[in-house]
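This briefing covers two topics: a sheet with its packing helix, and a metal site. Please keep the model open while reading.

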Amino acid sequence: MARLEQISRRKIPPGEILPHELAVLLTTLSSETKRQIGLLISREGEIYAVLIGDNRELLIPDLSQFRAIKRGLRGIRLVHTHLKNEPLSEDDLTDLAMLRLDLMVAVGVLPNGLPDLVYMAHLLPPNQEEKIYQVDPPVSIHQFDASSTAFLETIYTAFDAQVRTITTQDKKERALLISVSLQSKVIQEESLEELAELARSANLNPIDTIVQRPHDLHPKFLLGSGKIKEVIMKALQMQADLLIFNQTLTSLQTKAIGEVTEMKVLDRTALILDIFAQRAVTREAQVQVELAQLRYRLPRLHERSTSMSRLTGGIGGRGPGETRLEVDRRRAQDKIAHLEKEMKTLSQGRSQRRTKRASQRIPIISIVGYTNAGKSTLLNTLTKSDVKTENILFSTLDTSTRRLYFAQGREVLLTDTVGFIEALPPDLLDAFQSTLDELKDASLLIHVVDIHSAQFEMHIHAVHDIFNRLDIEKTSQLLVFNKIDLLDKEHADNLCKRYGAIGISALRADTVGSLLLEIEKRVWQNKGKQ
Ligand SMILES: Nc1nc2c(ncn2[C@@H]2O[C@H](COP(=O)(O)OP(=O)(O)OP(=O)(O)O)[C@@H](O)[C@H]2O)c(=O)[nH]1
Ligand SMILES: [Mg+2]
C-alpha cells in the first residue's frame, strides 16, 4: 500500500487528464488487488483522495466541501479503473450527474495489468435535446491525448461562463419549482402557476418547473430516483439556488432531498411562511408568523448526517439551512412558549377592542377572499382610505377597519384582512387565529373573487373551505366578482348571473353602486330578524 500513498502525494500537471505512467500504475495495482482504484483530482491537479473499491464499484466520499464556483461544476474529476475493461456503468453516469463532477474517466485493465481503453463522459450545458451528459467513444490509452487542456477548458468554460453571466445579472435567488403528485399533469401545472406567483411574492425568481406523476410516491425523495437525477441536472444547467416543492414534504424528505441535491429545499408551506415573515409589520403579525414558523420547523430539526454512500444519500451534508439545524429543540420549545404568552397579551388588547366595538352596536362587515383578489383595493375605494395594495400575494397580513357611511346617518365598520389560499398551512391558520377571530364578529362577509383569474372557481372553493375551518360558514355572505374591467362586458354579466354575484371593478368607484345598495339592504333589512 506504500505505492498508494506515493500516488496520493503526486501532483498532476493542470490540464492533463491522466498521465500515461500514472494510468499504468493504477491498472497494475488494480490488477494485483482485484479491486477498482480511483483518484479524485482537482482542477489544479491535486489528488484529493485515493479510493479503493471492490471488483465492481467504488464508494465516493462526501464532496460537499468542494464547490469550485457557486452553482457550477464540482471542480473535481474521478479517474478510476475498470477491471473487465468495461465501459462506464449506469452508476458511473449517475455519479457524474449527481456529484456534478467535471469529468468521469474509466481506464480498462487488461489481463496482464496494463491499461487498454479509456472511457470518458462529461456533463453538458443547457442544450435543445435536453441531454444531461455526453459519453465519448472509447479510445485506446495510446491514442488518449494525455495533455488535453483544450478539452478540459471547453467543459469548464461552458459552465462557468454561464454561472458568471447569471450571477451578475440576477440578484434574486433562482428557484426550480417541482410538483410530484398522483394528480394529472395538467392539474399539477396549473397549481405550479400559483407556486410561481408565490415564489415571486417571496422575491425569488422562478426559473423552471419539473412535473412528475409517478405510479407511487417515493417515500424517501417523493420523486423517483431517476427524476432526482433530472432535478439535479436541471438545477445545474439552469443555475438554480433552491428547490421548491408544491407538495408538503416530511422532515425526512426535506433532509434527504437537501442532502442528495446539496440545495436548499422548501415546500409550499415553508414558502408561504416565508412570505408572511417578510410581510409582517405589526408586532402581532410578527409573533403570529414566528409561532407558525417554529411550529412548522420543530419536527424538522434534525442532526446533520455524515454518512457516506453512493447515490442514495449521505452525499453532501447540506440540509435545508444549517443555522436552523443548529437551533436545538429545547430552545425552539421555550421560544414557542414565550411567544404564546406574548400572543395572549396581544390578543387581550384585541379582544377588548372587539368588546368595545360590539357595545357600540355598529354592524361589522368583513371583506374576505383569495389572496390578490382586490380586497384592500375595495376597502380603499369604498372608504376612501389608503390601505396598501399590491400585485403580489399576501400584501395584507393585518386587519384594517374603516367606517363606511350610508344615508340617514347609518354606518358600518368595514374590515379587510389577510387573504386566503388553497391548502393554507394549518400552522398558519392556528397562528392567525386571533386575527381571523375578528371574522366571527361580522354580520356580513363580502367574498371578493378575482374573476379574471382562470382559477377563480378553485379560489371560491378554497375560501369556502376556510370558512368551514373557521366555523363562519353560516354567516351571511355576498359574492362579489372583481376586476370585471379585464373581461368583456357580456362575459362578465353572464358569469355574475350564473353565480349570483355582483360584478365590480374595485379600482373604480363608479362600479360599486349596486354593491353598496346590496350591503345596505342586507344589513338593515335583516336587522330585525337577527
Ligand atoms: N384590473 C384590475 N385590477 C385590480 C382591481 N382590483 C384590484 N386590482 C389589482 O389587484 C392587485 C391586488 O389588489 P389588492 O387590493 O392588494 O388585493 P388583496 O385581495 O388585498 O390581496 P392580499 O392582501 O395580497 O391578499 C393590485 O395590483 C390591484 O391594483 C380591479 O378591479 N381591476
Ligand atoms: Mg390586501
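In this predicted model, four strands form an open sheet in the order S9-S8-S10-S11, and their pairing is parallel. Strand S9 (205–212) and strand S11 (264–267) are the edge strands, each pairing on one side only. A magnesium ion (ligand 2) has Ser376 and Thr396 as its protein donors.

**Sheet and helix**

- On average, neighbouring strands of this sheet are turned by 25 degrees against each other, direction ignored.
- Four bridges join strand S8 (residues 174–180) to strand S10 (residues 242–245), and this pair runs in the parallel sense.
- Opposite Ile178 stands Phe245 in S10.
- Strands S10 and S11 are crossed by helix H7 (residues 251–261), which runs at about 150 degrees to S11.

**Magnesium site**

- The donor atoms are OG of Ser376 and OG1 of Thr396, and they lie 2.0 to 2.1 Å from the magnesium ion (ligand 2).
- These two donors link distant parts of the chain, 20 residues apart.
- Ser376 belongs to helix H12 (residues 375–383), whereas Thr396 sits in the loop between H12 and strand S13 (400–405).

**Burial of the donor residues**

- Ser376 counts as buried because its relative accessibility is 6%, and the cut-off for buried is under 20% relative accessible area.
- Thr396 has a relative accessible area of 11%, so Thr396 is buried as well.

Notes
Residues numbered from 1 in each chain as written. Chains lettered and ligands numbered in written order. Predicted model: local features only at pLDDT ≥ 70, side-chain atom pairs only at ≥ 80, totals over all residues. Heavy atoms only, no water. Pairing = 2+ DSSP bridges. Axes fitted to C-alpha atoms, helices over the stretch in contact; angles between N-to-C directions. Contact = heavy atoms within 4.5 Å. Donors = N, O, S within 2.8 Å, 3.2 Å for Na, K, Ca; no water. Buried < 20%, exposed > 50% of the residue type's maximum accessible area, 1.4 Å probe, protein only.
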